[in-house]
Each structure stands twice: as structure tokens, then as C-alpha cells.
Amino acid sequence: FVSHESPLPFTLLELFNPGTSNASVTLNLFDSTGRLVKSVVQPVPAGATVNREVGDRRLEGAILGTIAILHYHNGQMSAALDHYERALHIYREVGNRPAEGKALFNLGLLHAHQGRPDEAHACCERALHTLRETGDRRMEAVSLAFLGNLDYDSGRLDEARERCEQALGIC
């Protein structure tokens, strides 16, 4: 899964021991010069939720996306889907288009993993559109390649080849 856009000049979210009872998230906040401002290690219990004490919606969206990844790695697909949808809502609310594109792509991966290729295709098409708008060429190539896989699995071989060639053109 793809990590989301950071709310500060540089935010690093690291997952440790995903899928275990020792799962945790380390949040490192850097200023615009690259100096570490704050580092927080937080255990992530099963069924984790977000507390809205600070009121930073961009950060809340990033944390929801991270929790979704943890749920995915724990095999809790319904919880992962719920957290990604909540993160996507916040990204749209605050206008964080780069994170929106990545969240749409991750939702597509999740739908594909759950055997829902039509929903996966729709999410990844929307992700591709958003990623192109934001100029994220790397994720555009990843999305094209994944859409090519979905097209191939659905028997749309010409479309699959075209998407994969487009992805190679970006690499």
C-alpha cells in the first residue's frame, strides 16, 4: 500500500510489526530544513480509532490511512476499507489531492484483494485521473500497470497491453 501525503514540510510514518499484537506507528515530524521536530511512537491496538483532540484534519486523514494499512496487514479488510473511505473523505474535504489519489489507488487494491474487480477498476480509474492532475508520474505508472493487470484478468487484452505500454513509457 502507498503511504499518504504529509501534512507538514516532511512527515514520516513508519509501521513496525504490522499484523502482530506489537504493531506500532512512529510519526516523525520534520521542519522545512529537514530537522526532526518531534517523534512519537504509538502502539496500534486492534480496532484502533482516531481521537480528534488536536483538530488537524490533514493529520487525521494521514493517520486514518495508516490505520487502514495496519488493518489490511492484520487481515481486517472491512476495517481497512472503512478507514480508507474515511481518510478519502477528509482528503477531499481539505483539498489534499495527492493523498486523495493514493487513497483511491489503495481502495482499488483492497477491492481487488476482496474479489471485486469492477469496484477496483473504478477506484483505480479515479485514482489515475487524480494522479495525472497532481503530476504524480510514479503513481500514475503504478496505477496504469495495476489497471493493466485488472484488464488482463477481465479478458481485455488489448486494453491491458495499452495500459502497460503507457506505464512503461513513464518509467
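In which handedness of crossing does α5 pass α6? The structure is a predicted model, and in this model the crossing of α5 with α6 is left-handed.

Two packed helices are described by the angle between their axes and the distance between the axes. Helix α5 covers residues 137-153 and helix α6 covers residues 157-170. Their axes come within 8 Å and cross at roughly 160°. That angle makes α5 roughly antiparallel to α6, because angles over 145 degrees are put in that class. On the α5 side, the contact is made by R137, E140, A141, L144, A145, L147, G148, D151 and Y152. On the α6 side, the contributing residues are L157, E159, A160, R163, C164, Q166, A167 and I170. Sorted by class, the contact of α5 with α6 has ten nonpolar, two polar and five charged residues.

One of the α6 residues in this contact, R163, can be followed further. R163 is buried, with a relative accessible area of 15%. Its contacts, leaving aside neighbours within four places in sequence, are H121, E125, L128, L144, L147, G148 and D151. One of these contacts, E125, is also a salt-bridge partner of R163, with the closest N and O atoms 2.3 Å apart. The pair links distant parts of the chain, since E125 sits in helix α4 and R163 in helix α6, 38 residues apart. E125 itself is partly exposed, at a relative accessible area of 29%. In this salt bridge, then, the arginine is buried, whereas the glutamate is partly exposed.

Side chains of opposite charge can pair when their charged atoms come close. How many salt bridges does a search of the whole structure find? The search finds 13. Among them is the pair R97 and E133, whose closest N and O atoms are 2.0 Å apart. R97 lies in helix α3 (residues 97-113) and E133 in helix α4 (residues 117-134), so this pair ties together parts that are 36 residues apart in sequence. R97 counts as partly exposed at 28% relative accessibility, and E133 counts as partly exposed at 47%.

Another salt bridge joins R156 to D151, with the closest N and O atoms 2.8 Å apart. Is D151 buried or exposed? D151 counts as buried, because its relative accessibility is 2%. Its partner R156 is partly exposed, with a relative accessible area of 31%. Elsewhere, salt bridges that share partners join R92, R97, E100 and E133 into one network. D151 also appears among the α5 residues that make the contact with α6, and R163 has D151 among its contacts.

Helix α4 also holds R132. R132 is partly exposed, with a relative accessible area of 42%. Leaving aside neighbours within four places in sequence, R132 is in contact with E140, L144 and Q166. E140 and L144 belong to the α5 side of the α5 and α6 contact, and Q166 belongs to the α6 side. L144 is a contact of R163 as well. R132 and P98 are 34 residues apart in sequence, and their C-alpha atoms are 9.7 Å apart in space.

Definitions and conventions:
Residues are numbered from 1 along each chain as its sequence is written. This is a predicted model: local features need pLDDT of at least 70, side-chain atom pairs count only at pLDDT 80 or more; totals for chains, interfaces and linings use all residues. Side-chain values use heavy atoms; hydrogens and water are left out. Axes are lines fitted to C-alpha atoms, for helices over the stretch in contact, and angles run from 0 to 180 degrees between N-to-C directions. Helices (H or I, at least four residues) and strands (E, at least two) are DSSP runs, numbered from the N terminus. Angles under 35 degrees count as roughly parallel, over 145 as roughly antiparallel, 65 to 115 as roughly perpendicular and the rest as oblique. A crossing is left-handed if the near helix is turned anticlockwise from the far one by less than a right angle, and right-handed if clockwise. Contact means heavy atoms within 4.5 Å. Ala, Val, Leu, Ile, Met, Phe, Trp, Tyr, Cys and Pro count as nonpolar, Asp, Glu, Lys and Arg as charged, and the others, Gly among them, as polar. A salt bridge is a side-chain nitrogen of Lys or Arg within 4 Å of a carboxyl oxygen of Asp or Glu. Buried means under 20% relative accessible area, exposed over 50%, partly exposed in between (1.4 Å probe, protein chains only).
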